[in-house]
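Reader: I'd like a close look at one part of this fold, the open sheet and what sits around it. Could you walk me through the strands, the charged pairs and the pocket, in plain bench talk?

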Amino acid sequence: MPSMTTTVRGLAAGDTTQVGTIPLVGHATRSRALHVPKLTPGAYLAIEDGGEVVVVELTQTVTHIGRAFSADIRLEAAAVSRRHALVVREADGFHVLDDRSVNGVWLNGKRVTRAALQPGDRFTIGGITLQFVLISDEGPASA
């Protein structure tokens, strides 16, 4: 995150001392903000869960999403099939696939059976919204 560095002039001409950084977000804003740990580079799914957002890292080549106990990401909602969807890491990026679910997978408002995921894409499974997040060494990728 960018910040500003403040320097203070010393007594002798040309002398400076670095005293620290000034955050770009003001104190009033910072005091009412939610503070979360910085995510390491990788791919994640952000899942809206009531008043919270749960962030799950995609560490496997294939991530199973569904209501079954064997699912890698278990969603406990009646409209979610036991085996509802897959998120697959392939050479050309990440893809979401419908795993023969009853209610389907909806990507950015359109029903899909297989689709490439771009940073910021939102897909819905049984009324639950998941957002694909990709963090590079430089920070979150833009949609």
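Author: Here is a walk along the sheet, strand by strand, and then over to the pocket. Keep in mind that this is a predicted model.

Let's start with the layout. The open sheet has 5 strands, in the order E6-E5-E7-E8-E11, and its pairing is mixed. The edges are E6 and strand E11 (114–117), each of which pairs on one side only. As a bit of background, strands in a sheet pair through backbone hydrogen bonds, either parallel or antiparallel.

Now step in to strand E5, which covers residues 62–66 and includes Thr63. Is Thr63 buried or exposed? Thr63 has a relative accessible area of 5%, so it counts as buried, the cut-off being under 20%. What does Thr63 touch, once you leave out residues up to four places away in sequence? Its contacts are Leu58, Asp72, Ile73, Ala85, Leu86 and Val87. Two of those names will come back: Leu86 lies in E7, where it stands opposite His64, and Ile73 is part of the lining of the second largest pocket.

Next door to E5 comes strand E7, residues 85–90, and these two strands pair in the antiparallel sense over 4 bridges. On its other side, E7 is joined to E8 by 6 bridges, again running antiparallel. E7 and E8 make a hairpin, with 2 residues between them. If you want a pair to click on there, take Arg89, whose bridge partner in E8 is Phe94.

Strand E8 itself, residues 93–98, is mostly covered, with 5 of its 6 residues buried. E8 also pairs with E11, in the antiparallel sense and over 4 bridges. Here the pair to find is Leu97 and its bridge partner in E11, Arg114.

Arg114 has a second job to look at, this time through its side chain. Arg114 forms a salt bridge with Glu90, and the closest N and O atoms are 2.8 Å apart. That pair links distant parts of the chain, since Glu90 is in strand E7 and Arg114 in strand E11, 24 residues apart. How open are the two ends? Glu90 is partly exposed at 30% relative accessibility, and Arg114 is partly exposed too, with a relative accessible area of 43%.

While we're on charges, the total count is 5 salt bridges. Another one joins the side chains of Arg100 and Asp99, at 3.6 Å from N to O. What makes this pair fun is how unlike the two ends are. Asp99 is buried at 7% relative accessibility, whereas Arg100 is exposed at 66%. This pair also belongs to something wider: Arg83, Asp99 and Arg100 are linked in a network of salt bridges.

Now swing over to the pocket. The second largest pocket has a volume of about 170 Å³. Which residues line the second largest pocket? They are Ile47, Glu48, Asp49, Val54, Val56, Ile73, Arg74, Leu75, Glu76 and Ile128. The elements giving two or more residues to that lining are strand E3 (42–49), strand E4 (52–57) and strand E6 (73–74). E3 provides the largest share, 3 residues. By class, the lining has 6 nonpolar and 4 charged residues, and no polar ones.

Two of the charged lining residues, Arg74 and Glu76, form a salt bridge with each other, their closest N and O atoms being 3.0 Å apart. Arg74 is partly exposed at 32% relative accessibility, while Glu76 is exposed, with a relative accessible area of 67%.

The last stop is Ile128, another of the pocket's lining residues. Ile128 lies in strand E13, which covers residues 128–136. Ile128 counts as buried because its relative accessibility is 17%, and the cut-off is under 20%. Not counting residues up to four places away in sequence, Ile128 touches Ile47, Glu48, Leu75, Ala77, Val80 and Phe123. Among those contacts, Ile47, Glu48 and Leu75 are lining residues as well. Then there is Asp49, also in the lining: Asp49 and Ile128 are 79 residues apart along the chain, yet their C-alpha atoms are separated by 8.0 Å.

Conventions. Residues are numbered from 1 along each chain as its sequence is written. This is a predicted model: local features need pLDDT of at least 70, side-chain atom pairs count only at pLDDT 80 or more; totals for chains, interfaces and linings use all residues. Side-chain values use heavy atoms; hydrogens and water are left out. Buried means under 20% relative accessible area, exposed over 50%, partly exposed in between (1.4 Å probe, protein chains only). Contact means heavy atoms within 4.5 Å. On a 1 Å grid over the protein atoms alone, a cavity is a set of points where a 1.4 Å probe fits but cannot get out, and a pocket is an open set with protein on both sides within 12 Å along at least five of seven lines; lining residues have an atom within 4 Å of a point. Grid points are joined across faces, edges and corners, and a volume is the space filled by probe spheres set on the points. Ala, Val, Leu, Ile, Met, Phe, Trp, Tyr, Cys and Pro count as nonpolar, Asp, Glu, Lys and Arg as charged, and the others, Gly among them, as polar. Two strands pair if DSSP finds at least two bridges between them. A salt bridge is a side-chain nitrogen of Lys or Arg within 4 Å of a carboxyl oxygen of Asp or Glu.
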